[in-house]
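Dear colleague,

I am passing on the structure we spoke about, and it is shown just below. My notes on it follow, and I would be glad if you read them alongside the model.

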Amino acid sequence: MIYLDHAAATPVDARVLRAMEPYFGEKFYNPSAAYLPAKEVAADYEAAKGTIAHAIGAKGADIVITAGATEANNLALSAVSLDGSCRPFSSPTSQGSVGDPLHGRHPSMLYLVTEHDSVRRVAERYGGQGIEVLPNGMINMEDLRGKLSDEVELVSVSLANNELGVIQPLAEIAALIREVRLDRMRRGVRRQLLLHSDASQALNLLDVNVARLGVDLMTMNAAKVYGPKGVGALYVAHGVRLKPVSVGGGQENGLRAGTENVPGVIGFARALELAHEHLNGNRKKYAEWRRILLSELEGYELINRKHCLDNFVVLCYNGIDAERLVFLLEERGVYVATGAACAASKGVRSHVLAAIGLSDSQIAGSLRLTLGETNDEAQIHEAARVINDVVKAEWDRLSGIKASHSWFF
Ligand code: PLP
């Protein structure tokens with residue numbers, strides 16, 4: 001089996017699993033309990049949060065643990081002040097009420113049109129407005145500039161897109177946001193303006209230091225960095241006010257109540273440590289494998305040419321049904337995707353590929369290959385050979401159908 005869908009899921013690293021194991025067994029205690037072994041677990045949990053925070057240049061107190069990136073994105077976007085129920089992140093005692101975005105006024109939120117649905121769908125509920133992308137998938141800075149009215153409270157732009165791997169110029173966006181904030185201050189406009197970024201796909205390949213990126217809120221996802229599924233985190237800059245995703249026992253500063261997922265968080269911390277250790281080596285390795293694929297594959301159009309994560313290869317075989325290719329490749333032991341796993345499984349046309357201006361037939365013919373730690377160089381050569389074979393057989397089949405049609409009519 002050759003797995004080329006690491007953007008959809010990564011296997012849990014054996015070292016991560018080893019770090020998690022004790023917290024399912026002998027260290028099972030509830031961190032809120034009063035006895036010593038539970039207090040030790042609570043200390044381990046806080047230390048793990050510290051490690052997660054350290055990986056992005058923040059403090060443990062700036063991190064809210066969530067059940068994955070979807071929840072972190074939902075929490076981040078609640079920073080817009082709909083009904084006054086926002087509560088300061090830094091106050092661990094007071095409980096806010098869960099705001100209902102559908103029944104408030106409509107504040108202005110901007111989001112990149114190519115964002116993951118866990119940003120897009122929430123932003124739509126808040127009456128958000130999309131920022132256009134250029135044909136290469138990069139943000140259209142002029143469009144952003146034009147839409148940054150005095151109403152806008154939050155801008156959400158992912159660090160790297162999950163269908164194309166395109167990396168957005170966050171530092172440049174942050175600089176523009178700072179400029180607008182200053183201008184608002186000078187004019188006496190008191191509305192907040194925050195920058196959120198979903199860094200789910202970028203954690204093990206890019207610099208994700210929150211100060212250098214200039215973000216106020218940042219989403220992380222353990223499931224994409226060889227950690228456990230259903231574990232994520234939101235970085236929240238000091239003073240940013242959010243609405244709780246769940247209320248109850250007051251965990252995570254009252255923003256996400258519920259007994260802590262101790263093994264998950266311990267695993268996430270270990271996964272981030274490993275990601276950090278291997279960051280540069282991985283980038284070089286994936287860039288080389290990407291180069292091999294692009295030189296050995298035949299008859300494709302390359303969709304993500306520049307400014308993208310080294311492990312993303314998005315190809316178009318215009319005229320071929322890529323969904324058929326996925327099934328045919330699976331029969332040959334090669335696992336690939338046509339787009340975001342969740343959109344593809346529902347048979348929905350990719351909004352990302354549409355946003356960069358691909359035609360319906362280009363979208364239908366697009367394959368996403370994402371490289372990762374389950375691969376080696378021999379697999380990459382083999383994958384190229386199998387994909388060429390399958391594509392050629394598909395062209396032969398299609399030209400056979402065409403020929404028999406022209407003969408018949
Ligand atoms: N954001 C991005 C960029 C993603 O790639 C994903 C997962 O595919 C998510 C958010 C959602 O993550 P999860 O399903 O773990 O909540």
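Helices and strands are taken here as DSSP runs, with at least four residues for a helix and at least two for a strand, and they are numbered from the N terminus. Counted in that way, the protein chain has 13 helices and 14 strands.

Please keep in mind that this is a predicted model. The average pLDDT of the protein chain is 91, and 90% of the residues reach a score of at least 70. Over residues 84-104, however, the pLDDT is below 50, although in the model this stretch makes 54 contacts beyond near neighbours in sequence.

As for the chain as a whole, 54% of the 409 residues count as buried, and the accessible surface comes to about 17,700 Å², with 54% of it belonging to carbon and sulfur atoms. Among the contacts with a separation of 6 or more, 70% are between residues 24 or more positions apart.

The ligand site may be what you turn to next. The residues surrounding the ligand are Gly 68, Ala 69, Thr 70, Asn 73, His 116, Ser 118, Asn 162, Asp 198, Ser 200, Gln 201, Asn 221 and Lys 224. Helix H3, which covers residues 69-77, gives the most to this shell, with three residues. On the side of the ligand's oxygen atoms, a polar side-chain atom of Thr 70 lies 2.7 Å from an oxygen atom of the ligand, and a polar side-chain atom of Lys 224 likewise lies 2.7 Å from a ligand oxygen atom. In the case of Asp 198, an N or O atom of the side chain is 2.6 Å from a nitrogen atom of the ligand. The ligand taken alone exposes 400 Å², and the protein buries 82% of that area.

Finally, a word on the aromatic residues. The structure holds three aromatic pairs. In one of them, Tyr 29 with Tyr 35, the ring centres are 6.1 Å apart and the planes stand at 75°, and the pair is classed as edge-to-face because that angle is over 60 degrees. Phe 28 joins Tyr 29 and Tyr 35 in one aromatic cluster. Tyr 29 has a relative accessibility of 23% and counts as partly exposed, since the buried class ends under 20%. Tyr 35, with a relative accessible area of 47%, is also partly exposed, because the exposed class requires over 50%.

With best wishes

Methods:
Residues are numbered from 1 along each chain as its sequence is written. This is a predicted model: local features need pLDDT of at least 70, side-chain atom pairs count only at pLDDT 80 or more; totals for chains, interfaces and linings use all residues. Side-chain values use heavy atoms; hydrogens and water are left out. pLDDT is the predictor's confidence in each residue, from 0 to 100. Contact means heavy atoms within 4.5 Å. Rings of Phe, Tyr and Trp (its six-membered ring) pair if their centres lie within 6.5 Å; planes under 30 degrees apart count as stacked, over 60 as edge-to-face and the rest as tilted. Buried means under 20% relative accessible area, exposed over 50%, partly exposed in between (1.4 Å probe, protein chains only). Accessible areas come from the Shrake-Rupley method with a 1.4 Å probe; for residues, only the protein chains shown count as cover. A residue is near a molecule or strand if one of its heavy atoms lies within 4 Å of it. A polar contact is a pair of N or O atoms within 3.5 Å; within protein, one must be able to donate a hydrogen and the other to accept it, and residues adjacent in sequence count only if both atoms are side-chain atoms.
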